[in-house]
Amino acid sequence: MSAFNLSEDQQDCLQELINVAMGQASDQLARYLDTFVHLRVPSIEQVSTTSLSNSLNQEQESVAVVSQGFLGYEGIRGEALLVYQHKDSDCIGNILGYEPDELSIEEQLIDLSSILTTTFLNVFAKQIDNQMSYNAPRLLSSGQDALAVYLQQLSFNCDMALKVKITYQVTDFSFNCDMILLIPESAIIHIKAVIDRILEDY
């Protein structure tokens, strides 16, 4: 087993931490929108950043991506990507209740992304006795290979990453978005240490 692989117990523990965090983020979003938010079971896997950028670039013409870096104590860090289909991004103003021309679609995407990312990560951090700080969210360019270039330019610039994917569905508005957390190799070791500490306490 690679030093970066999670054991079954570590994976189960991480899954439970994520379930609690995404449940509270979903609840906050539901209260904010006054509607029901459906969640799918999150997926956790190790991926190469090359394969990730390729898979997202294949849908490049149909997605908008907002990226926000996060950094906690004990070497925990990563990048949160909020991925929207263009058909969904165009209706965010109605979902959030903005007046026409109140904010641009880009600003609406950044607003919603910031709510989901910070709520999820604040709850996640609280469970592991940590505290997160965040970079300003950034809407990525939709140019050719822009996402691949962006991933290569990230400060952690890793070959492999732990990928956590969470899908939010606002059924009343037929709206979906994916939150993809990328935790670089250098931070996986620290996540494993935190999880081991939690498991020891139980």
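## Ser26 in helix α1

In this predicted model, S26 counts as buried because its relative accessibility is 6%, which lies under the 20% cut-off. The residue belongs to helix α1, which covers residues 8-33, and, when residues up to four places away in sequence are set aside, S26 touches V37, L39 and Y168.

## Helix α7 and its buried side

Helix α7 comprises 17 residues, 185-201, and reaches 25 Å from its first C-alpha to its last, close to the 24 Å expected at 1.5 Å a residue. Its buried residues are A187, I188, I191, K192, V194, I195 and I198. They cover an arc of only 165° around the axis, and therefore lie on the same side of α7. An α-helix has 3.6 residues a turn, so residues three or four places apart point the same way.

The buried residues of α7 pack against two helices, α1 and α5 (105-127), and against the strands β4 (77-85), β7 (160-170) and β8 (175-184).

## Strand β8 and its partners

Strand β8 is mostly covered, with nine of its ten residues buried. Strands β4 and β8 pair in the antiparallel sense over six bridges, and in this pairing E79 stands opposite L182 of β8.

The pairing of β7 with β8 is likewise antiparallel and runs over ten bridges, with A161 standing opposite P184 of β8. These two strands form a hairpin that has four residues between them, and in this hairpin S174 takes a positive phi near 50°.

Methods: Residues are numbered from 1 along each chain as its sequence is written. This is a predicted model: local features need pLDDT of at least 70, side-chain atom pairs count only at pLDDT 80 or more; totals for chains, interfaces and linings use all residues. Side-chain values use heavy atoms; hydrogens and water are left out. Buried means under 20% relative accessible area, exposed over 50%, partly exposed in between (1.4 Å probe, protein chains only). Contact means heavy atoms within 4.5 Å. The expected span of a helix is 1.5 Å times one less than its number of residues. The arc is that of the directions from the helix axis to the C-beta atoms. Two strands pair if DSSP finds at least two bridges between them.
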